[in-house]
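Q: I am new to this structure and would like a close look at one part of it. Could you walk me through the place where the domains meet, and then show me what lies around it?

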Amino acid sequence: MEKIGYAVLGCGFIGKLHAGVISRLPNAYLAAVCDVNKTAAAEMGAQYGCKVYNDYRELLRDAAVDAVTVCLPSGMHRDAVIACAREKKHVLCEKPIDISVEHAQEMVAACRQNGVTFGVILQHRFDRPVLALQEAVRQGLMGRLLWGASRTIWYRDAQYFQNPYRGTWQYDGGGALINQSIHYIDLLLNFFGRVKSVSGKCRTLLHHEIEAEDVGVANLEFSNGCLATVEGSTVCYPGLYAELCLFGEKGSAIVRNDHLLFYQLESGKNAALDAVVDVARANSQHLDARISDESHYRQYEDFTQALLEGRQPAVTGADALHGLSVIKAIYTSSDQKREIYL
């Protein structure tokens, strides 16, 4: 079987998670890692027995590397992704796609012009409850969707923000919305489609040591006439939940903490949804920043198979660009105190 050679650019916390996922894929292998921190790169290279680089320009000349996973601070994504595209390397980039809509547009264009596949990590689209609900919606079991909500009611302490990149406009592109809340906002958009307008308010209420918001709320109107609300926070001690709510003509559903908390359909019970209901885990508190890599693995399976089959992955750079555009519009709405049309 042909195997895809991946390189991980950025050997921090999230880079380590990606390296671990790649190492378990049956149709891929970890060809190289790269980080300006020589110790971090050397340690990861030794762990996986792969090549080590400290300059990604050298990494991109490695013929064994077919695809690069970009795990750098968000404000560094554009230059790295465009460099990969110019060297004909496929790219899987961590969320958010970038901190700037204009930068993200350049990234999507560069990958298209150079004929490389561009995906962005939005792994919660691959959560089992989300996949089951997508199928239920596709089958018309919920009827036409009417209203939804994305809520990320989390807490981060002062130690979390000691990392100089976090909560900055230059490297993080914002605060609670673009970082913590982006996954469930993406799920909302995935179900409801294109956003027509947003009206939002963002404030820094607790973590005054950071530049960006630690609380953000917004109302969304979609092009299809549906409405939704967004809430995102890192001030809710001790950390509660992330939640997606879907309300349709013929049914309702709530995903909380990546598990199906509740559903009810006019048509009655559904075996696929019953199989993913987990009330206990849905109601568990979100007390730290640790994450499971189960859905990352499923996204990597899809992206790798897309490369082997010559098709687009389930989550593209264009998908992530829409989500970034919505979040940045919320920031603009808050700053300008008016509704913003996309």
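A: Here is a walk through the domain interface, followed by a look at the sheet, some loops and a salt bridge.

This is a predicted model, in which local features need pLDDT of at least 70 and side-chain atom pairs count only at pLDDT 80 or more, while totals for chains, interfaces and linings use all residues. Residues are numbered from 1 along each chain as its sequence is written, and side-chain values use heavy atoms, with hydrogens and water left out.

Let's start with the two partners. The chain is assigned domain 1 (4–120) and domain 2 (124–290 + 320–341), with bounds that come from an automatic or database domain assignment. Their contact involves 15 residues of domain 1 and 16 residues of domain 2, where contact means heavy atoms within 4.5 Å. From one C-alpha centre to the other, the domains are 27 Å apart.

How much area do domain 1 and domain 2 bury between them? The figure is about 1,200 Å², and 74% of it is on carbon and sulfur atoms; buried area is the accessible area (1.4 Å probe) that two parts lose on being put together, summed over both. On the domain 1 side, Lys95, Ile99 and Val101 lose the most area to domain 2, together accounting for 42% of what that side buries.

Now for the charges and polar atoms. Between the two domains there are zero salt bridges, a salt bridge being a side-chain nitrogen of Lys or Arg within 4 Å of a carboxyl oxygen of Asp or Glu. Four residue pairs, with both residues at pLDDT 80 or more, are in polar contact across the interface. A polar contact is a pair of N or O atoms within 3.5 Å; within protein, one must be able to donate a hydrogen and the other to accept it, and residues adjacent in sequence count only if both atoms are side-chain atoms.

Helix H5 (residues 101–113) gives the largest share of the domain 1 side, three residues. Helices (H or I, at least four residues) and strands (E, at least two) are DSSP runs, numbered from the N terminus. In the loop between strand E5 (90–93) and H5 you will find Pro96, and the peptide bond leading to Pro96 from Lys95 is cis, with omega near -15°.

Next comes the sheet. Eight strands make an open, mixed sheet in the order E13-E12-E11-E7-E10-E9-E8-E14; two strands pair if DSSP finds at least two bridges between them. Its edges are strand E13 (259–265) and strand E14 (340–341), each pairing on one side only. Inside the sheet, strand E9 (residues 215–222) runs antiparallel to strand E10 (residues 227–233) over seven bridges, and Gly216 has Gly232 of E10 as its bridge partner.

Two loops are worth a visit. Pro238 sits in the one between E10 and strand E11 (241–248), joined to Tyr237 by a cis peptide bond with omega near 0°. Asn257 is in the loop between strand E12 (251–256) and E13, and has a positive phi of about 50° despite not being a glycine.

Finally, the structure as a whole holds 16 salt bridges. One of them joins the side chains of Asp62 and Lys51 at 3.2 Å, N to O.
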